[in-house]
Amino acid sequence: MPVTVLLVDDEPLVRAGLRAVLEAQPDIEVVGEAADGAAVIPLVRQLRPDVVAMDVRMPLLDGIEATRAVLRTVAQPPKILVVTTFENDEYVYEALRAGADGFLLKRARPAEIVHAVRLVAEGESLLFPASVRQLAARYGEGDGNLVARAAMERARLTDREAEVLRLMARGLSNAEIAERLVVGTETVKSHVSGVLAKLGARDRTQAVIAAYESGFVAPG
């Protein structure tokens, strides 16, 4: 089955460019478009895309609020890939905090666009870990805010789960973590699932953001 994608951007040329790049791939299908975040929820419910590629800045409802709305109201929400001009934008970090699974630069090369969509759809590694770390260092709260720190303490991660979370924050995939820890991939998947469940995170991006926000992992 192809990865299905909904494009949301107020610039028609951006949508046309993304569509051309993605539809050239046999395993990706663009199922719809929208010009503003306000149209996302009805289209997600109607089209059930695997991934929403959404501009972070739009006139009526921006990508941050649209992300929050989708995750709050859709039972089985899609992966959300925010599209941005600047990777060190505070809007990008706020979108990730709101629940977006990754971000894509508008100036990205076609191969990078395709890779981003596939990687977010698979959800087994972190997209642009270095950039996420830089965003956390710039816009996070240093030693971690009290709410995030309390949530991390309540999670009571095992030593192995903590080790896996640190490797996730470095951007390692499940296979790379398995090789590093000399265990099977299924064992790593089990640990990742445990981390997500204990942190109340829907995917590894949210778990990594929680790790940075709590000060469990230093972003620098």
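Helices and strands are taken here as DSSP runs, of at least four residues for a helix and at least two for a strand, and they are numbered from the N terminus. With that in mind, start with the whole chain, which is a predicted model, and colour it by secondary structure to find 11 helices and five strands. The radius of gyration is 17 Å, close to the 17 Å that the globule rule gives for 220 residues, so the chain is as compact as a globular protein of that length. If you turn the view along the principal axes, the C-alpha atoms fill a box of roughly 50 × 35 × 30 Å.

Next, show the surface, whose accessible area comes to about 10400 Å², with 51% of it belonging to carbon and sulfur atoms. Select the charged side chains, and you will have 26 positive and 31 negative charges, whose mean positions lie 4 Å apart. Then hide the surface to look inside, where 51% of the 220 residues count as buried.

Now select helix 8, residues 159-169, and ask which of its residues are buried. They are Glu161, Ala162, Val164, Leu165, Leu167, Met168 and Ala169. An α-helix has 3.6 residues a turn, so residues three or four places apart point the same way.

Keep those side chains on display and add the elements that the buried residues of helix 8 pack against, which are helix 6 (129-139), helix 7 (146-155), helix 9 (174-181), helix 10 (185-199) and helix 11 (204-214).

Finally, move past the end of helix 8 to Gly171, which follows the helix and has a positive phi, near 90°.

Technical notes: Residues are numbered from 1 along each chain as its sequence is written. This is a predicted model: local features need pLDDT of at least 70, side-chain atom pairs count only at pLDDT 80 or more; totals for chains, interfaces and linings use all residues. Side-chain values use heavy atoms; hydrogens and water are left out. The radius of gyration is taken over C-alpha atoms; the globule rule is 2.2 Å times the number of residues to the power 0.38. Buried means under 20% relative accessible area, exposed over 50%, partly exposed in between (1.4 Å probe, protein chains only). Accessible areas come from the Shrake-Rupley method with a 1.4 Å probe; for residues, only the protein chains shown count as cover. Lys and Arg count as positive and Asp and Glu as negative; His and the chain ends are not counted. The place of a charge is taken as NZ of Lys, CZ of Arg, CG of Asp or CD of Glu. Contact means heavy atoms within 4.5 Å.
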